[in-house]
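Here is a friendly walk through one protein model, from its paired charges out to its overall build. Keep the viewer open as you read.

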Amino acid sequence: MRDNETIRAHWRCFVACGLMVLSPFQYGVDFGLIGGLQAMPGFLKIYGHPAPNTAIGWNISTVRQQLITSLMTLGAFVSSATAGLVAAKLGRKMCLWLACLGCIISNIIMMTTTDINALYVGRLLNGLANGYFMTFSQLFIQESSPAKYRGLFLSAFQFCTSIGTLIGTIVDWATSSQPDRSAYLIPLGLIYIVPFVLAIGLFFIPESPRWLILQDRIEDGQKALEWLRPTGAEVDIEVAEIKAAIDKERELGSQVGIVDMFNNSIDRRRTILAVCAVTLQAATGSMFIISYKAYFFTMARVTKPFAMGCVLSAIGLLAIIINSLIVVRYGRRRLLLMSGLGTCGVLQLIVAIVYDKNPGATATGRVLVALSCLYMMSYNGMVATYAWLCGGELPSQRLRSYTFGLAAAVGFFGAWLTTFTAPYFINPDSLNWGPRYGYIWFPSSIVAGIWVYFFLPEVQGRTLEEIDEMFEEKLPAKNFRSYKCVRRLVMDKKPDTQHEE
């Protein structure tokens, strides 16, 4: 490995992208906290009702459970869907500052109210902020990181989502025995930390260089790349390549807007692929387990449900760590996604069958926890990371904010649909399916795996400009991996020539 390709040489880029991955940490903390709150007597005394027939003597209505959890993903859907419009005027950093402000305001509302309607407002505003966190932090990473480390940064992105979920779950576990409002107010206090750190840190890193060049601020874009790349790197070549790719795309379609994502066949294909790639997460039913694990385990009469929720989050985190060790060297998107989707689908089916045969038994509870751990390892290690990674790599340069915003929005819509409908299936006051809910997600996962095989191209190790070239050549998905990029061959010769001089 050459000196200018090492992690040490790219330390400034690692710092900038390391700051960005605080955004998914915030998103993970929120999901880890909210799912556990709904199984806390201290929370249910305010927003729930007595239920002597349940394991903890309290329950929450299906409608309230739906809205408390799903309004966050609904807000994220709205803000992600409008990301392209906002990004046309505001940079990635400004949008993240807005997310920090929205997050703080929403948490003040949630911590100071005991009214369910005000809680709904806080959850929706929190979702709007999280949509910006997840969309613009990933855009910054995709646009600022070198191709060699892009997969590693996106693996770190998913790692921080998982560690945030784990920390939120652990804090819930620690405070769940409190009989009063402090049971949930202490966990909610965690939400202030990330916006504060991120808002300050953004002052010390540059704007996305590709966004700056897209705005025809070439000199600012070059300065941003000089900060992000190793000292002495020939960033003028990279700037020229980025500008050439953007100019080429502008020749194909001069406009930049919502309709332009579908105007020509190349942009239409890239938009559909990006949207479907991100939606692969929802196809596994992951949000059902991530959002409701404590409640799910409690109602399934699993021993120590909060502790088992922590185990589940820790196993998911372990999968991300293992994945980070292979993503740079291996990291083939298609193979890992197909394997992960198939495994998740089969495990959901087994969970449903096991519970169906012997519901409520202690042995069944142990099996459910074990299978759920295997599920989280498969999902985090082979689906979640690569779904977001593909969704960010595949959009065109000039439409990236619009396309990835749309992809994230559809992904959040899938998450919202899962979190909104899951209570009907698992809540004892409704259908009371419990783990039988897995019957729905087995065929969904298998269909998603088949789609990956036939339609998703392999772009591991490619620069964003090389990906542009392959789509412009209208290659079928199966030919992406073996294609030799003409522009890259030309660019590779230039540094050698300059060294000889």
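A salt bridge here is a side-chain nitrogen of Lys or Arg within 4 Å of a carboxyl oxygen of Asp or Glu. This is a predicted model, in which local features need pLDDT of at least 70 and side-chain atom pairs count only at pLDDT 80 or more, while totals for chains, interfaces and linings use all residues. Residues are numbered from 1 along each chain as its sequence is written, and side-chain values use heavy atoms, with hydrogens and water left out.

**Charge pairs**

Side chains of opposite charge can pair when their charged atoms come close. The structure holds eight salt bridges. One of them joins Arg123 to Asp30, with the closest N and O atoms 3.0 Å apart. This pair ties together distant parts of the chain, since Arg123 sits in helix H7 (residues 116-144) and Asp30 in helix H2 (residues 22-37), 93 residues apart. Helices, by the way, are DSSP runs of H or I with at least four residues, strands are runs of E with at least two, and both are numbered from the N terminus.

Are the two partners buried or exposed? For that we use relative accessible area: buried means under 20%, exposed over 50%, and partly exposed in between, with a 1.4 Å probe and protein chains only. Arg123 has a relative accessibility of 1%, so it counts as buried. Asp30 is buried too, with a relative accessible area of 1%.

Two further salt bridges are worth a look. Arg229 and Glu238 meet at 2.9 Å, N to O, and both residues are buried. Lys243 and Asp247 meet at 3.1 Å, N to O. Because Lys243 and Asp247 are four residues apart in helix H13 (residues 235-252), about one helical turn separates them. Lys243 counts as partly exposed at 33% relative accessibility, and Asp247 also counts as partly exposed, at 29%.

The three pairs can be set out together:

| Positive partner | Negative partner | N to O distance |
|---|---|---|
| Arg123 | Asp30 | 3.0 Å |
| Arg229 | Glu238 | 2.9 Å |
| Lys243 | Asp247 | 3.1 Å |

**Buried residues and their neighbours**

Next come some residues to click on. Contact means heavy atoms within 4.5 Å, and the lists below leave aside neighbours within four places in sequence.

Ile34 lies in helix H2, the helix that also holds Asp30. Ile34 counts as buried at 5% relative accessibility and is in contact with Ile68, Thr69 and Arg123. Arg123 is thus both a contact of Ile34 and the salt-bridge partner of Asp30. From Ile34 to Tyr424 the separation is 390 residues in sequence and 18 Å in space, C-alpha to C-alpha.

Arg92 is in helix H6 (residues 92-112) and is buried at 1% relative accessibility. Its contacts include Phe136, Phe140, Glu143, Glu207, Trp211 and Ser401.

Which residues does Ser396 touch? Ser396 is found in the loop between helix H18 (362-393) and helix H19 (400-426), and is buried with a relative accessible area of 3%. Ser396 is in contact with Glu249, Asp267, Arg270 and Asp468.

**Two exposed loop residues**

Asp216 has a positive phi of about 65° although it is not a glycine. Asp216 belongs to the loop between helix H11 (209-214) and helix H12 (218-228) and counts as exposed at 51% relative accessibility. Lys474 likewise has a positive phi, about 55°, without being a glycine. Lys474 is placed in the loop between helix H21 (464-472) and helix H22 (486-500), and is exposed with a relative accessible area of 56%.

**The whole chain**

Stepping back, the protein chain has 22 helices and two strands. The radius of gyration is 23 Å, close to the 23 Å that the globule rule gives for 501 residues, so the chain is as compact as a globular protein of that length. That radius is taken over C-alpha atoms, and the rule is 2.2 Å times the number of residues to the power 0.38. The C-alpha atoms fill a box of roughly 80 × 45 × 45 Å along the principal axes. Of the 501 residues, 58% count as buried. Among contacts between residues at least 6 apart in sequence, 79% join residues at least 24 apart.
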